[in-house]
Amino acid sequence: MGTENPNRASYSQRPSTSPFFAAQTASPFSSSTPVAGAEASSFHSYNPIPSSQIPPSSSEASGFRSVQPGRSNDPAGPPPPPSYGPPQTGPFQHLSGPQFSSPVQVPSLRTSAGEWPVVAPPVRPPAGPFSSTPVSFQMRPQPPTIPFGSPPQSMNTVQPGMNVPLSSVDSPFGASSTNLQPSSPPMRAPFPAARGTLQSAFSGYPGQQYNIVPQAPPVNSVAFPPHQGGSVTPPPAVSGPYVGQQGGYVQSPPTTAPVGMYSRDRMQHPASLPPLGTAQGLVEDFSSLSLGSVPGSLDAGIDSKALPRPLDGDVEPKSFAEMYPMNCSSRYLRLSTCAIPNSQSLASRWHLPLGAVVCPLAEAPEREEVPIVNFVTTGIIRCRRCRTYVNPYVTFTDHGRKWRCNLCSLLNDVPGEYYAHLDASGRRIDLDQRPELTKGSVEFIAPAEYMLRPPMPPLYFFLIDVSVCAVRSGMLEVVAQTIKSCLDTLPGFPRTQIGFITFDSTVHFYNIKSSLTQPQMMVVSDLDDIFVPLPDDLLVNLSESRTVVDAFLDSLPSMFQENTNVESAFGPALKAAFMVMSQLGGKLLIFQNTLPSLGAGRLRLRGDDARVYGTEKEYTLRVPEDPFYKQMAADFSKFQIAVNIYAFSDKYTDVATLGTLAKYTGGQVYYYPNFVASIHKDKLRHELGRDLTRETAWEAVMRIRCGRGVRFTSYHGNFMLRSTDLMALPVLDCDKAYAMQLCLEETLLTTDTVYFQVALLYTSSSGERRIRVHNAAAPVVADVGELYRVADIGAVVSLLSRLAFEKSLSYKLEDARTSVQNRIVKALREYRNLHAVQHRLGGRMIYPESLKLLALYGLALCKSTPLRGGYADTQLDERCAAGYTMMALPVKKLLKLLYPNLIRLDEYLLKASFADESENIWKRLPLSAESLDSRGIYIYDDGFRFVLWFGRVLSPDIARSVLGEDYAVDYSRVCLTEQDNEMSRRLMRIIKKYRESDPSYYQPCHLVWQGEQPREGLYLLANLVEDQVGGTNSYADWLLQLHRQVQQNA
Amino acid sequence: MDLEPLLWIIFFLMNMGLIALNLYQIVSLSDLEADYLNPYESSSRINHVVIPEYLLHGAFSILFLLSGHWFFFLATLPAAYINLRKFMKREHLIDVTEVFRVLSVEKKLRIVKLGFYLLLFVLVMTRIYAAGTFSVVMSVFHSDNEELDIRSSILEF
């Protein structure tokens, strides 16, 4: 084994590789069970190298790795985030990592143990790349070692500056040699960190192997298969000499597998162990096949506890970032599979959506903000032909006078001001000062040629329904108060502009010019030919007119207190708002309470019709009824206006139609059914506040470019296309993501790597025109197994859900669900065909480790609000609103919505100490009624609401202390407030913490008592996706059904 | 004078009109595809001529029916039906918000239509010939009547 590693390392060592160590460390290690240590140990000899690099080369890298081991020491701990940790040296204290690894090692790795001795000797003190070479020697000397030696360094550091081959290489390896010895079992104290790293580093190898591909195509076919999404380390499929070793190596996959996987193998099929053994044997024969996929298997009636579940939340694919360190973070861009098929026929065997999910303005944690680059003097460097922005993947040639575009490979001139010498290794000497050449994400300050007009000020315009329902529900008052409280924090002070229109059966304009002391109201009742009185004074600068605006908002609720008007001239009011805003653009917030009944755009109470469900006409309920709204949306988008709809109604309000306004303008739909201020005001206040104050990009356009041979064909989300590939986003913020599918234009890709570049041109709230650029690279692969192995479940599910929802807009719900199921079945069948025969796993379900949750998320998707059931299962408005929301949700939030957290709280509440507060309360349970113990309190959190479930035999003391004295009354009216006792305080603290962790929406807390129908069913039981509820499948049934279908036509 | 040749001239002109309208739409769509036009412009251009095209086609069919040209009437009937159906379902106009999603389909549809009209054009030409329209037209030039000889009048200038 040791040999293998070196070899691999040698191939893989390429600039991109090193960072991956770090990144990979996080995930594989964390996810792996203690057993994983075994693998790690086997590789200790090798691994030290990366770790050793740490001290000399870069503090960053080292910090990162070290951090991981520290965390990973707790096997049960949550997976550390894959992000690069801050530099820390701490990890060295952690002894446990190595300790547990050594014991494990013995039992599990027979072969490796055998080889172990072999490995150790070769380790020699010599510094430099050679240390690694000797290892490989045993098997065969690997020529590639040397060339790649230097790059790895750069990877570790992430800074190209570190690339300098000689110095960096030497030191790390010297260190490594020392480390190697420590790696032997007895050793632990001094090098615990190293070991931790080793483990992680090992898992990182797959990533490295990736790199091979682009560089040495011939190698790739062989080397690729082993590559396991990083979580399961696959046996490297390598050429002949390795086979024997691989046998040994092979064992590791089961061991390395993430918890879910491991447990499945072990627990689920006690009987399956033998088959595994045979599988391993076979693997030795077929070492070039990716066993790494250690196919999960599922027998009928198998222990449901062992089914794969995302109880660790969304585990981001590490391989992506690891392969190409200069890729942008997965926050911003996720590919549905981190490898691009090299031919159309191969792409057609990837039955899931092939594409990307982009969240260009995702919130970055501190110290990872996107660097801002100012190209004032040189102008922004872009490719002449394809207009790609300069990025870390471009190469400089001709002594730095030219650069080659990585997308279209055109040779461009480097402008004089941007010129820098190249050093001996061909890197620019000023690389360290050039974030655009080292970071995956940068922001350029755009010069004047990127502006069609001066950057617009942030503009908020409010269109408020003041009909009787709005007043009576208290909506008007809450809205007025919230707006007023947010005025100080609106972005873009002092340029922010603001304006108001209210409407019932007439349209009311407000003159809030700064010279007035009181706002003037003007009523226009001619709805057929709406006009704007005083067009210049309706939209004012907030800081100048602040007092008038305050006065207006103070008086707004009382002004309409006595209003008895039940009509709504929504269409004309919308037109009026459009006329006022069309000069500047901006954000239009619509508070809508009554179905539009007057003037243009009036809507019928078409309602939900049970008879239509199941017929061809079913979809018409979910599509906009009146083309007026689509036309308005198009006009809004044209004039850079985004529309956010806040729909409140206790009756049908046709969200399907109103939502189009938001859909095509990059807006958002908020839906508050049965709004009552006393109950829902917190939610409205929080969400409106966030909408008004979050960092916002204005008048944006986004384009995603990709290398030759591939093309983005369809886009999914809330936006409008302005040309075939240009998304118009009048307003954009961190809570919105966009999905796109790509296809291969050529039958065969000849390149080794496909590059992507997301470019977002926008005006910041501060009035600066900026271009945010995210870069990514993905290897081209020739092997279908590889495609599946590096799939990113989050992106896949995100794309699937968007496609399914779009499908439900032109077909029946049933068809949309079936299409999801079919895609999953096809994908699993394809994968099964790859492996079933060799491994004789006839009766078992096989799926790639990376997609182990595909079935579960597919089930959850079919049970999600927009797609579930039929007429009776969800109200039409709710369905449509949820659909619009899902179309814009970023990946992580979507996954949480599909498979919410279910956490038991009572144990924690009763516990005396706070010490483990942070860990315990994140322990997620399977979403099934079986998880609910009637003696406990559980919280269900899907990101949009909390449901607090009280077991039937929960001790009254707890209930009393949490709920106060009136704990026994009807829970629907109980509002959770903090009581004067420790337990209640603790509960509130937890809830607060959950809310803070997901601030995009406010989660109102519903209290449910076990057995309290129908509320329990409505709030909780219907959402336990693993259960069989009203004609839907349970998780186990669903798997069986999928499995049968997979086998049917296999 | 026999109406037949005159009728065929009308058919010919209508056919030309249909071909022109279709070509115009196809060009607009291609321009949109190539990013020479924005979707607003493109779809408003197309939407302007959709109704005239449908009306023209309807008139075309009905005229064939009334003039008793059964074969031509039947030939134009399917297209008329498709038009009518699209109109009834309110799908005849290009939806600017979704234009890129339907672009390729719409373009193909119009190209097929264009092919159909071109085929019809050929048929109409043969019928024009058969009906002796040319001779009627040409008779102007070959007229024995000196007064009607345009050439002579032109040449005299």
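How many residues of chain B are in contact with chain A, and how many of chain A with chain B? Work through this and the exercises below on a predicted model.

**Exercise 1. Describe the interface of chain B and chain A.**

Step 1. Start with the contacts. On chain B, 12 residues are in contact with 18 residues of chain A.

Step 2. Turn to area. The two chains bury about 1200 Å² between them. Carbon and sulfur atoms account for 55% of that. In chain B, the residues that lose the most area to chain A are Tyr40(B), Thr97(B) and Phe100(B). Together they make up 48% of what that side buries.

Step 3. Look at the charged and polar pairs. There are three salt bridges between chain B and chain A. In one bridge, Lys630(A) pairs with Asp95(B), and the closest N and O atoms are 2.4 Å apart. The interface also has eight residue pairs in polar contact, both residues being at pLDDT 80 or more.

Step 4. Place the chain B side. The elements giving two or more residues to it are α2 (39-66) and α4 (99-130) of chain B. By class, this side has four nonpolar, two polar and six charged residues.

**Exercise 2. Test the length of helix α26 of chain A, then find its cap.**

Step 1. Helix α26(A) covers residues 793-808, which is 16 residues.

Step 2. The expected span, at 1.5 Å a residue, is 22 Å. The end C-alpha atoms are 22 Å apart, so the two values agree.

Step 3. Check the cover. Of the 16 residues of α26(A), 15 are buried.

Step 4. Go to the N-terminal end. Asp792(A) caps α26(A) there. A side-chain oxygen of Asp792(A) lies 3.0 Å from the backbone nitrogen of Gly794(A).

**Exercise 3. Do the same for helix α20 of chain A, and say what covers its buried residues.**

Step 1. Helix α20(A) runs over residues 546-559 and has 14 residues. From first C-alpha to last it reaches 19 Å, close to the 20 Å expected.

Step 2. List buried residues. They include Val548(A), Phe552(A), Leu553(A) and Leu556(A). Asp550(A) is also buried.

Step 3. Find the cover. It includes the strands β9 (459-465), β10 (497-503) and β11 (507-511), along with helix α19 (475-486), of chain A.

**Exercise 4. Is Leu595(A) buried or exposed, and what is it in contact with?**

Step 1. Locate Leu595(A). It lies in the loop between β14 (586-592) and α22 (627-638) of chain A.

Step 2. Apply the cut-off. Buried means under 20% relative accessible area. Leu595(A) has 14% relative accessibility, so it counts as buried.

Step 3. Leave aside its neighbours within four places in sequence. Leu595(A) is then in contact with Ser568(A), Leu603(A), Arg604(A), Leu605(A), Tyr652(A), Thr653(A) and Asp654(A).

Step 4. Set this beside the whole chain. Of the 1050 residues of chain A, 66% count as buried. Chain A has 36 helices and 27 strands. Among its contacts between residues at least 6 apart in sequence, 77% join residues at least 24 apart.

**Exercise 5. Sort three salt bridges by where their partners lie.**

Step 1. Note the total. Over all chains there are 55 salt bridges.

Step 2. Take Asp735(A) and Lys893(A). Their closest N and O atoms are 3.6 Å apart. Asp735(A) lies in the loop between β20 (726-733) and β21 (738-744) of chain A, while Lys893(A) lies in helix α30 (residues 891-898), so the pair ties together parts that are 158 residues apart in sequence. Both residues are buried. They also belong to a network of salt bridges, which includes Glu363(A), Lys587(A) and Arg690(A).

Step 3. Take Arg960(A) and Asp957(A). Their side chains meet at 3.7 Å, N to O. Both lie in helix α33 (residues 956-963) of chain A, three residues apart, about one turn. Arg960(A) is partly exposed at 31%. Asp957(A) counts as exposed at 54%.

Step 4. Take Glu106(B) and Arg110(B). Their salt bridge is 2.5 Å, N to O. Both lie in helix α4 of chain B, four residues apart, about one turn. Both are buried.

Step 5. Sort them. Asp735(A) and Lys893(A) join a loop to a helix. Arg960(A) and Asp957(A) both sit in α33 of chain A. Glu106(B) and Arg110(B) both sit in α4 of chain B.

Terms used
Residues are numbered from 1 along each chain as its sequence is written. Chains are lettered from A and ligands numbered from 1 in the order in which they are written. This is a predicted model: local features need pLDDT of at least 70, side-chain atom pairs count only at pLDDT 80 or more; totals for chains, interfaces and linings use all residues. Side-chain values use heavy atoms; hydrogens and water are left out. Contact means heavy atoms within 4.5 Å. Buried area is the accessible area (1.4 Å probe) that two parts lose on being put together, summed over both. A salt bridge is a side-chain nitrogen of Lys or Arg within 4 Å of a carboxyl oxygen of Asp or Glu. A polar contact is a pair of N or O atoms within 3.5 Å; within protein, one must be able to donate a hydrogen and the other to accept it, and residues adjacent in sequence count only if both atoms are side-chain atoms. Ala, Val, Leu, Ile, Met, Phe, Trp, Tyr, Cys and Pro count as nonpolar, Asp, Glu, Lys and Arg as charged, and the others, Gly among them, as polar. The expected span of a helix is 1.5 Å times one less than its number of residues. Buried means under 20% relative accessible area, exposed over 50%, partly exposed in between (1.4 Å probe, protein chains only).
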